[in-house]
Every structure is written in C-alpha cells, then in structure tokens.
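The report below walks through one protein model, beginning with a single residue and widening out to the contacts that link its parts. It may help to keep the structure open while reading.

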Amino acid sequence: MRILVVEDEARLAQTLAELLHRQGYTADISGDGLSGLDNAASDIYDLVVLDAMLPGMDGFTLLQRLRQEGHTVPVLMLTARSGVEDRVRGLDSGADYYLTKPFEPQELLACVRLLLRRTDGQPRQEDAVSCGDLRLEPGTFLLRCGQREVRLSRREYDLMELLIRSYPQIVTKEQLILKVWGYDSDAEDNNVEVYISFLRRKLEHLHSAVKIRTHRLVGYCLEVGA
C-alpha cells in the first residue's frame, strides 16, 4: 500500500512517514498544497494523509479540487483546528475521516487501516490495471499477457503501474523518480533507464504488443501495437 503524506511541518511529516514505514506501508511526502495536489491526482496512492493548513494551497481547497477532478482516493485530514465548523468543512470538502492534532500514533494507524479497508463504505478492492494485452495485478506483482506471466520487483511494479495509468501520456523521468523512488531519494536518470530496460526485457519475454517508447530528453510512454 502506498500513502501520500501532505504536511508542511517537516519533522511531523518525517515522523508520520517513518511510522507508516514501520507498518509496512510505502510513504511519500509533499510539503505544500500545490505539489500535494499534483501527487494526489496521480492515482498511484491508496490513501492521502492531508494537513488542513498548507502553503501554496490549503488542504480544504486541495481536497475540493481533487474531488472535482473525479479522484476517489481516501483522504484522512489532519488539523490543529478542533472547531465543529472546521470538521464540517473538511468532511464537506470530501474527507473520509478527520483527525485533530495532537493525536496518538495508534489512533492514526487505526484510521489508516479503516480507510484502506473501505471505499464508499464498501470493502476496498485492489483492481488490476490493464493496457493493451497487458494486465498488472496488485498483491502478486504479476504482469500477465495472455497465458504468460512474469513477477515484477516492487520498483518494476511501481514503474509499470504509473506508465499504465498514465497511458497514452508521456511520463517524465523527473515524475518517475519522484513518484517511484520518492522525494528524498538520490536516484538519477540512469536509475530510471536501468529499470526501464528490465521492464522491456520482460515485455519481450511475454511477447506483448505493448512497448515502452522513449521520448528523448523527456521521458517514456506506453505504445500499444497491433
């Protein structure tokens, strides 16, 4: 499970990310509202932990924009404001749960587990994603093409999922590094190139009509052949 933490207090954001990592989640951090919206709208996250007061764009506006654009990712809103009006505003903006600071770590984790189990009040299903003759399955990390299948590493899986969900748009190398390796990573372009080559070999093994096309000096996109 991949979680985005949108929090401008660096120490709290890092504490939350470490807490989530210890529970086995992958956690990324956005330190302002604008980058938070961009990343939350990427559809690669299973949950967003969102602070209400952010530079660039406040959490309420971010959440409203996210819902207006049709993104249904569960959102746990955090705020130091305990007034009823703010809680109502958060829920009306589209928050799935509202937690007031300060909070106990176990309370936060319980909320995270709750929201990851459900979407719209129903048990949350992790759906496979498809492109052309490919089917990428969460949980098993299997990439299938007809009767053939290969198991991907976590990094390969995250790259392929982002490319499939972005199809037919180009994903820049910078976006791949930020969304697959994370904000604090020292990964560079050559790291992306190495994993793209891994994926290309696996697509060849599957005899897939889907290819990873390079856009020189820009990034990559999937191309579906006949």
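G36 is a residue of helix α2, and in this predicted model G36 counts as buried because its relative accessible area is 0%. If we set aside the neighbours of G36 within four places in sequence, G36 is in contact with L4, V6, S30 and L62. By contrast, D189 is 153 residues from G36 in sequence, and the two C-alpha atoms are 23 Å apart in space.

Which other residues of α2 are buried? The buried residues of this helix are G33, G36, L37, N39 and A40. The elements that cover the buried residues of α2 include β1 (2-6), β2, β3 (47-51), α3 (59-68) and α7 (173-181). At the N-terminal end of α2, D32 acts as a cap, with a side-chain oxygen that lies 3.0 Å from the backbone nitrogen of L34.

N39 also lies in helix α2, and N39 is classed as buried because its relative accessible area of 3% falls under the 20% cut-off. The side chain of N39 makes a polar contact with the side chain of S30, at 3.5 Å. S30 has already appeared among the contacts of G36, and S30 is also one of the residues in contact with E7.

E7 is found in the loop between β1 and α1 (10-22). Is E7 buried or exposed? E7 is buried, because its relative accessible area is 2%. The side chain of E7 reaches the backbone nitrogen of E9 at 2.9 Å. Leaving out neighbours within four places in sequence, E7 is in contact with L12, A13, S30, G31, D51, L54 and K101.

We can now step back to the arrangement of the domains. The domain assignment gives domain 1 (2-116) and domain 2 (129-224), and the centres of the two domains, taken over C-alpha atoms, are separated by 27 Å. The contact takes 12 residues from domain 1 and nine residues from domain 2. Between them, domain 1 and domain 2 bury about 870 Å², and 42% of this area is on carbon and sulfur atoms. Within domain 1, the residues that lose the most area to domain 2 are R2, N39 and I44, which together account for 49% of what that side buries.

How many salt bridges are there between domain 1 and domain 2? The count is one salt bridge, and D158 forms a salt bridge with R2, where the closest N and O atoms are 3.1 Å apart. There are also three residue pairs in polar contact between the two domains, counting pairs in which both residues have pLDDT of 80 or more. On the side of domain 1 that touches domain 2, β2 (26-30) and α2 (33-40) each supply at least two residues, and the largest share of that side, four residues, comes from β2. Sorted by class, that side of domain 1 has two nonpolar, six polar and four charged residues.

Salt bridges deserve a closer look. Side chains of opposite charge can pair when their charged atoms come close. The structure as a whole holds 13 salt bridges, including the three in the following table.

| Salt bridge | N to O distance | Relative accessible area of each residue |
|---|---|---|
| E69 and R65 | 3.9 Å | E69 44%, R65 35% |
| D96 and R67 | 3.0 Å | D96 31%, R67 24% |
| R144 and E149 | 2.2 Å | R144 26%, E149 37% |

E69 counts as partly exposed, as does R65, and the same description is given to D96 and R67, and to R144 and E149. R144 and E149 belong to one network, in which salt bridges that share partners join R135, E137, R144 and E149. The side chains of D96 and R67 also meet in a salt bridge, and this pair links distant parts of the chain, with D96 in the loop between α4 (84-93) and β5 (97-100) and R67 in helix α3, 29 residues apart.

Note on methods:
Residues are numbered from 1 along each chain as its sequence is written. This is a predicted model: local features need pLDDT of at least 70, side-chain atom pairs count only at pLDDT 80 or more; totals for chains, interfaces and linings use all residues. Side-chain values use heavy atoms; hydrogens and water are left out. Domain bounds come from an automatic or database domain assignment. Contact means heavy atoms within 4.5 Å. Buried area is the accessible area (1.4 Å probe) that two parts lose on being put together, summed over both. A salt bridge is a side-chain nitrogen of Lys or Arg within 4 Å of a carboxyl oxygen of Asp or Glu. A polar contact is a pair of N or O atoms within 3.5 Å; within protein, one must be able to donate a hydrogen and the other to accept it, and residues adjacent in sequence count only if both atoms are side-chain atoms. Ala, Val, Leu, Ile, Met, Phe, Trp, Tyr, Cys and Pro count as nonpolar, Asp, Glu, Lys and Arg as charged, and the others, Gly among them, as polar. Buried means under 20% relative accessible area, exposed over 50%, partly exposed in between (1.4 Å probe, protein chains only).
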